[in-house]
Amino acid sequence: MTGRRPGVCEMGYSLSGKSAAALRSEVASRMWLANAGHRDPGTCWGVRPLAAHTVRRLAQEACMAKRVLAIGIEPGVADYSTFPQLTPELVRNYIETQLLRLRGLGYEVTSCLIDLDAAAEAAVTAALRDESFDCIVIGAGLREPKQRLLLFEKVLNLVHRLAPNAAICFNTTPADTAEAVQRWIEP
């Protein structure tokens, strides 16, 4: 099931320590006011339980993993002159480790590694239009060195325009992406 943690939202599986049946029962026991004009439940004439399809939808929404887009420079095209201890392979391993870590924490993660040319904007635009995200993390390699300032601004403005409701965060190295995301959203 796309967008859901595997095995968690199926009927009969537990959700936060509760069976799906217990969750449905708990949600169904909540009542909503039939007359939305009355703010005080004591003055409302009628109440009714939530419909079964509404209970199922609420249970499914509770299972949705938060979606994260990780934007960074493709390690093979990055300039490592200021960081001689880094190599494209090492950075690629850091990125993969962080993506796996985020997935292990319960996030659904999409990676968007971009080149340093005009194709960068198209790649970010495509990623943002293809899916909806709760958080966008922008890699440190995109913010430094100063020569990348214009590209960084373009990416940031694309994120602002195409994902206005997403939290935006920044890692400081390829090894602290999970911490950056966790500062802004929970799985």
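Reader: Okay, so buried is under 20% relative accessible area, exposed is over 50%, and partly exposed is in between (1.4 Å probe, protein chains only). Which of these does R101 count as?

Author: R101 counts as partly exposed, at 34% relative accessibility. Bear in mind that this is a predicted model: local features need pLDDT of at least 70, side-chain atom pairs count only at pLDDT 80 or more, and totals for chains, interfaces and linings use all residues. Residues are numbered from 1 along each chain as its sequence is written, and side-chain values use heavy atoms, leaving out hydrogens and water.

Reader: Got it. What does the side chain of R101 meet in a salt bridge?

Author: That would be E179, at 2.7 Å from N to O. A salt bridge here has a side-chain nitrogen of Lys or Arg within 4 Å of a carboxyl oxygen of Asp or Glu.

Reader: And where do R101 and E179 lie?

Author: R101 is in helix 3 and E179 in helix 7 (residues 177–182), so their pairing ties together parts 78 residues apart in sequence. Helices (H or I, at least four residues) and strands (E, at least two) are DSSP runs, numbered from the N terminus. E179 is partly exposed too, with a relative accessible area of 31%.

Reader: How many salt bridges are there in the whole structure?

Author: Five turn up. One of them joins the side chains of R67 and E131, at 1.4 Å from N to O. R67 sits in strand 5 (residues 67–73) and E131 in the loop between helix 4 (119–130) and strand 7 (135–138), 64 residues apart.

Reader: Is R67 buried or exposed?

Author: Buried, because its relative accessibility is 13%. E131 comes out partly exposed at 30%.

Reader: Any other pair?

Author: E74 and R92 form one at 2.6 Å, N to O. E74 lies in the loop between strand 5 and helix 3 (88–104) and R92 in helix 3, so parts 18 residues apart in sequence get tied together.

Reader: Switching topic: which residues in helix 6 are buried?

Author: L151, F152, V155, L158 and V159. Down the helix axis they fall within an arc of 125° (taken from the directions from the helix axis to the C-beta atoms), so they line one face of helix 6.

Reader: Why would residues three or four places apart point the same way?

Author: An α-helix has 3.6 residues a turn, so that spacing brings them round to the same direction.

Reader: What does the other face of helix 6 carry?

Author: Turned away from the buried side are the exposed residues L150, H160 and R161.
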